[in-house]
Amino acid sequence: GSFEKTVFSKDIFLNDSVKALFGNSSDLQIYHDGSNSYIDDAGTGDLYIRANNLRLANADGSEATINANNGGAVEIHHAGSKKLETTSTGVGVTGDLDITSGNLTVKTSDNSSSVILQLKNSDNNGYTFLRSHTTGFLEIDGNQTGANGYVFKTDSTAALTIANNANATFAGAITVQSGNKLILNRPNNAIDCELSTDSSGT
């Protein structure tokens, strides 16, 4: 048959709850019900929104909500400020990451013993690696450049300091539970001193 088209040179007004219907079975529906606006994919298949660069914003366009860049990052904004974006290696988060329930699970795709979490300071000149090995132990490693490589605190007070030369300083007492031992070794693993307690506490 002949090619037909309808050209509108002025606005089209549809009353509340009157729908613009597309498809033989009214698969796509666009309407306003007096309170909210809707785009309903009511039929078979998926709803595709295609654009080289997709921009979602508030009603007057003054604040971005989601920016999807062709071949690049997808950015999510809060009050116009970017908080999360995808990168070529993963995702970047600006601000705090709050988990109100459940667990934070970080792992490699093959569950290997490679680095699973890397912590950096603001100028990226110091970092800490956390590795969870398949043999069941947690490794903490890094390039801390200060005199105190790592400081473990309780109630804001240093309880254990491990210096870059591997010396460890405990701020409090070391308690050995009954039946266990405290062993002090030389570098060649020869036992220098072995302390233990029995059930009587001696």
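I count two strands as paired if DSSP finds at least two bridges between them. Strands are DSSP runs of E, at least two residues long, numbered from the N terminus.

**Ground rules.** I am looking at a predicted model, where local features need pLDDT of at least 70, side-chain atom pairs count only at pLDDT 80 or more, and totals for chains, interfaces and linings use all residues. Residues are numbered from 1 along each chain as its sequence is written, and side-chain values use heavy atoms, with hydrogens and water left out.

**Entry 1, the three-stranded sheet.** I looked up the order and found β1-β2-β3, an open sheet with antiparallel pairing. β1 (20-22) and β3 each have a single partner strand, so these edge strands have one side without a neighbour in the sheet. Neighbouring strands are turned by 10 degrees against each other on average, direction ignored; the axes behind such angles are lines fitted to C-alpha atoms, and angles run from 0 to 180 degrees between N-to-C directions.

**Entry 2, its pairs.** I found three bridges joining β1 to β2, with Leu-21 opposite Gln-29 in β2. Five bridges link β2 (residues 28-32) with β3 (residues 37-41), again antiparallel. His-32 faces Ser-37 in β3. Four residues lie between the strands of this hairpin, and I noted that Gly-34 has a positive phi near 100 degrees.

**Entry 3, the five-stranded sheet.** Here I read the order β4-β5-β6-β7-β8, open and antiparallel. β4 (53-57) and β8 (91-93) are the edge strands, each pairing on one side only. From one strand to the next, the twist averages 15 degrees. I then checked β7 (residues 81-86): three bridges join this strand to β8 in the antiparallel sense, and Glu-85 sits opposite Gly-92 in β8.
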